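Good morning, colleagues, and thank you for your attention. I would ask you to look at the structure on the screen while I take you along the chain.

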Amino acid sequence: MIAKLLITVVATVLLLVHMQPVGQLADAAARATLADGELEGMRIQLIADAAAALLVLLTAAALSVFKPRGVTRYGRRRQREQSPLPRRTRPPG
C-alpha cells in the first residue's frame, strides 16, 4: 500500500512538471501551421510521457491486485491476541 502511494505521488508530481511542454506545443500549434520537422522533440517527449504514465498506472493496478502471500506480522499478532488457547504443534501423548 505504501509503495502504491509513493508511486502515485511521484507520478503526479512528474506529470504536473511535464505539463509545460504540452502547453508550449498547444500554443505553437494554435499560432501557426507547423511543418513536419518542427517541434519534433516535444512530440516525442509527449509520447514518452504518455507511455510512462501508462506504465505507472499499470504498476499501481498490479500492486492493487497482486498481494504478497501469507499473513503479515500484524496479522499474526492479531491472530495470537484473538486465539483463546495456545497452539500446540504436536498432539499430546
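Let us begin with methionine 1, which sits in the segment before α1. This residue counts as exposed, because its relative accessibility is 89% and the cut-off for exposed is over 50%. Which residue, 66 residues away along the chain, has its C-alpha atom 9.6 Å from that of methionine 1? The residue is lysine 67.

Before going further, I should state that this is a predicted model. The average pLDDT of the protein is 76, and 80% of the residues reach a score of at least 70. Among the helices, α2, residues 19-31, has the lowest confidence, with a mean of 75, whereas α4 has the highest, at 84. Where pLDDT is low, one should not read the predicted coordinates in detail.

Now to the overall architecture. The protein contains 4 helices and 0 strands. Read from the N terminus, the order of elements is therefore α-α-α-α. The protein has 93 residues, of which 9% count as buried. Its exposed area is about 8400 Å², and carbon and sulfur atoms supply 66% of that area.

Let us turn to helix α1, which covers residues 2-17. Valine 9 lies in this helix. Is valine 9 exposed or partly exposed? Its relative accessible area is 45%, so valine 9 is partly exposed, since that class runs between the 20% and 50% limits. Valine 9 also belongs to a nonpolar patch on the surface, together with Leu5, Val13 and Val17. Taken together, the residues of this patch have about 360 Å² of accessible area.

The next element I wish to discuss is helix α3, residues 40-65, where glutamine 45 is found. Glutamine 45 has a relative accessible area of 29% and is therefore partly exposed. Its C-alpha atom is separated by 8.9 Å from that of histidine 18, although the two residues are 27 residues apart along the chain.

Finally, we come to helix α4, residues 73-82, which includes arginine 73. Arginine 73 has a relative accessibility of 68% and so counts as exposed. Which residues form a positive patch on the surface? They are Arg73, Arg76, Arg77 and Arg80.

To close, I would leave you with two views of the surface: the nonpolar patch that includes Leu5 and Val9, and the positive patch that includes Arg73 and Arg80. Thank you; I welcome your comments.

Definitions and conventions: Residues numbered from 1 in each chain as written. Predicted model: local features only at pLDDT ≥ 70, side-chain atom pairs only at ≥ 80, totals over all residues. Heavy atoms only, no water. Patch = residues over 30% accessible without salt bridge, like charges linked within 9 Å, V, L, I, M, F, W, Y side chains within 5 Å. Areas by Shrake-Rupley, 256 points an atom, 1.4 Å probe, with all protein chains shown as cover. Salt bridge = Lys/Arg side-chain N within 4 Å of Asp/Glu carboxyl O. Lys, Arg positive; Asp, Glu negative; His and termini not counted. Charge placed at Lys NZ, Arg CZ, Asp CG, Glu CD. Helix = DSSP H or I, 4+ residues; strand = E, 2+ residues; numbered from the N terminus. Buried < 20%, exposed > 50% of the residue type's maximum accessible area, 1.4 Å probe, protein only. pLDDT = per-residue confidence, 0-100.
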